[in-house]
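Got a few minutes to look at one helix and the pocket beside it? Here is a quick briefing to read with the model open.

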Amino acid sequence: MGLFDKLRRGRGRGSATSDPAADLRYLQQWVADHHGVEAFVEPKTTVTDVTVVLVAADGEWTRRRAGGQAGARRLSDRLRIPVYDVQKVGYPQRMRDYDARQRILRKRAAREELGDR
């Protein structure tokens, strides 16, 4: 196996197994289960297609492919939530705060697990 073989194999895999209907069902359920959800559209990169990050009022978040810029806008219409361009507004502070709290909880759980041994 060459140095870049693993990267080449992984590149097409995401689009081949992508199920837009399953992603939509997941996101609809996520919005139903969370309060104050907003959508943040992320641009296409060399590694990923356009994605949408849903962020709840408490900062919990999830990410899925969006079907391009137009797909992200349609998604927010279907979910009846506000949508923002992350390149213009950035990620909300509550998302970073949530991630920081989760890191603290994971570290605490790991220390407690080591202490139980």
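What follows goes through a helix, one residue inside it, the residue just after it, and a pocket. Keep in mind that this is a predicted model. The main player is α3 (68-79), a helix of 12 residues. It has a buried side and, turned away from that, a face with exposed residues.

**Helix α3**

- From first C-alpha to last, α3 reaches 16 Å, which is close to the 16 Å expected at 1.5 Å a residue.
- The buried residues here are Gly71, Ala72, Leu75, Ser76 and Leu79.
- Look down the axis of α3 and these buried residues fall within an arc of 135°, so they line one face of the helix.
- As background, an α-helix has 3.6 residues a turn, so residues three or four places apart point the same way.
- What do the buried residues of α3 pack against? Their partners are α2, β1 (38-42), β2 (51-55) and β4 (83-85).
- Flip to the face turned away from the buried side and you'll find Arg74, Asp77 and Arg78, which are exposed.

**Ser76, a serine on the inside**

- Ser76 sits in helix α3.
- Is Ser76 buried or exposed? Its relative accessibility is 4%, and the cut-off for buried is under 20%, so Ser76 counts as buried.
- Setting aside neighbours within four places in sequence, Ser76 is in contact with Ile81 and Val83.

**Arg80, just past the helix**

- Arg80 follows α3 and belongs to the loop between α3 and β4.
- Its phi is positive, at about 55°, even though Arg80 is not a glycine.
- For context, most residues other than glycine have a negative phi.
- With a relative accessible area of 75%, Arg80 is exposed.

**The second largest pocket**

- The second largest pocket holds about 320 Å³ of space.
- Its lining is made up of 15 residues, and the closest to the centre are Pro20, Arg65, Ala66, Gly67 and Gly71.
- Which elements give two or more residues to this lining? They are α2 (20-33) and α3 (68-79).
- Sorted by class, the lining has 6 nonpolar, 4 polar and 5 charged residues.
- Gly71 turns up twice in this briefing: it is one of the buried residues of α3, and it is also among the residues closest to the centre of the second largest pocket.
- Likewise, α2 is one of the elements that the buried residues of α3 pack against, and α2 also contributes to the lining of the second largest pocket.

Conventions
Residues numbered from 1 in each chain as written. Predicted model: local features only at pLDDT ≥ 70, side-chain atom pairs only at ≥ 80, totals over all residues. Heavy atoms only, no water. 1 Å grid on protein atoms, 1.4 Å probe; cavity = no way out; pocket = protein on both sides within 12 Å on 5 of 7 lines; lining within 4 Å. Points joined across faces, edges and corners; volume = space filled by probe spheres on them. Helix = DSSP H or I, 4+ residues; strand = E, 2+ residues; numbered from the N terminus. Nonpolar A, V, L, I, M, F, W, Y, C, P; charged D, E, K, R; others polar. Expected span 1.5 Å × (residues − 1). Buried < 20%, exposed > 50% of the residue type's maximum accessible area, 1.4 Å probe, protein only. Arc of directions from axis to C-beta. Contact = heavy atoms within 4.5 Å.
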